[in-house]
Amino acid sequence: LSTWRAMARPCIALCVCTALLDIAGWVSGQGDYFHDESRDGKLQMTAKDRHKYWDRTYSDARSQPGKDWYGTWADFKKDIKGPAFRASDEFLIVGCGSSNLPADLVKDGFTHVVSMDYSKQAVKLQKKRFPDLKWVRADARSMPKFKDRSFDVVIDKALVDGEGAFNEWYKMFSEISRVLRPGGRFVSISLGKPEEMDSATFFRNESYGWDVQWAVSYDDYYVYTMTKHLEGKTEEL
């Protein structure tokens with residue numbers, strides 16, 4: 001992992017969940033998060049390929065114990081900007097994979113937690129691991145199952161780094177902004193440095209309607225907190 005992190009720091013890692021080297025190989029060695037097709041050529045891994053990859057990963061017995069890439073809730077919660085979360089807050093975990101994060105939130109007193117992944121096998125695995133929690137199969141790029149302004153907190157851990165290589169962060173961020181209530185927060189754990197992520201290309205796009213703050217967290221990860229504007233507020237530049 002330390003070797004992979006060293007490669008990833010100059011530009012966010014291409015893929016961040018299980019079998020990192022395998023998936024990097026699938027895209028012809030492309031390691032850049034900011035994939036420039038004119039420079040790097042076309043990525044060979046299609047959306048369908050990625051979906052199959054994750055279903056196969058979460059079907060593997062090695063995924064059964066779960067895995068928390070980018071650390072645990074206890075590792076990064078202190079670095080989230082803004083006031084303490086309330087017990088009544090409604091949380092959405094996007095791209096949950098086999099993470100323990102949803103269960104850790106519940107243990108910490110936050111009982112209104114919905115977790116989603118587009119992998120059928122990931123959802124199946126998590127339902128088996130934590131049958132009392134709520135699991136939904138959904139795609140962060142399009143989440144019609146969730147109404148506008150239906151969550152107080154959305155948390156992403158590594159999803160942005162993985163999907164960003166495929167130029168689909170705009171779809172994800174637009175959907176996350178849509179389901180966030182005014183004053184709600186989107187928390188993203190990433191290897192991406194602020195000069196990359198705190199920009200109009202990524203988090204600081206006016207169309208999302210949120211303010212951006214960040215902190216260097218455990219093991220040199222970054223915790224980005226996007227707070228959605230209240231009605232009538234515009235971002236201060």
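1. The hairpin of β6 and β7 has 5 residues between its strands. Within this hairpin, Asp219 takes a positive phi near 50 degrees. Strands here are DSSP runs of E with at least two residues, helices are runs of H or I with at least four, and both are numbered from the N terminus. The model is predicted, so local features need pLDDT of at least 70 and side-chain atom pairs pLDDT 80 or more, while totals for chains, interfaces and linings use all residues. Residues are numbered from 1 along each chain as its sequence is written, and side-chain values use heavy atoms, without hydrogens and water.

2. Strand β6 covers residues 210-216 and β7 covers residues 222-228. The two run antiparallel and are joined by 7 bridges; strands count as paired if DSSP finds at least two bridges between them. Val212 stands opposite Met226 of β7, and Val216 has Tyr222 of β7 as its bridge partner.

3. Strand β7 also pairs with β5: these strands run antiparallel, with 6 bridges between them. Here Ser188 stands opposite Tyr224 of β7. Of the 7 residues in β7, 6 are buried, and the strand is mostly covered (buried is under 20% relative accessible area, exposed over 50%, partly exposed in between, with a 1.4 Å probe and protein chains only).

4. How are the strands ordered in the sheet? The sheet is open, has 7 strands with mixed pairing, and follows the order β3-β2-β1-β4-β5-β7-β6. Its edge strands are β3 (134-137) and β6, each of which pairs on one side only. From one strand to the next, the twist averages 20 degrees.

5. Which helix lies across β5, β6 and β7? Helix α9 (residues 169-179) does, and it also lies across β1 (91-94) and β4 (151-157). Its direction makes an angle of about 140 degrees with β5 (180-190); angles run from 0 to 180 degrees between N-to-C directions, and axes are lines fitted to C-alpha atoms, for helices over the stretch in contact.

6. Ser177 is a residue of helix α9. Is Ser177 buried or exposed? Its relative accessible area is 7%, and therefore Ser177 counts as buried. Leaving aside residues up to four places away in sequence, Ser177 touches Tyr208, Trp210 and Lys228 (contact means heavy atoms within 4.5 Å).

7. Helix α4 takes in residues 47-59, 13 in number. Its first and last C-alpha atoms are 18 Å apart, close to the 18 Å expected at 1.5 Å a residue (the expected span is 1.5 Å times one less than the number of residues). Among its buried residues are Arg50, Trp54 and Thr57.

8. The axes of α4 and helix α7 (residues 120-129) come within 7 Å and cross at roughly 25 degrees. The two helices are therefore roughly parallel to each other (under 35 degrees; over 145 is roughly antiparallel, 65 to 115 roughly perpendicular, the rest oblique). Asp55, Tyr58 and Ser59 of α4 meet Lys120, Gln121, Ala122 and Leu125 of α7. The contact comprises 3 nonpolar, 2 polar and 2 charged residues (Ala, Val, Leu, Ile, Met, Phe, Trp, Tyr, Cys and Pro are nonpolar, Asp, Glu, Lys and Arg charged, the others, Gly among them, polar).

9. The chain has 10 helices and 7 strands. It has 237 residues, of which 53% count as buried.
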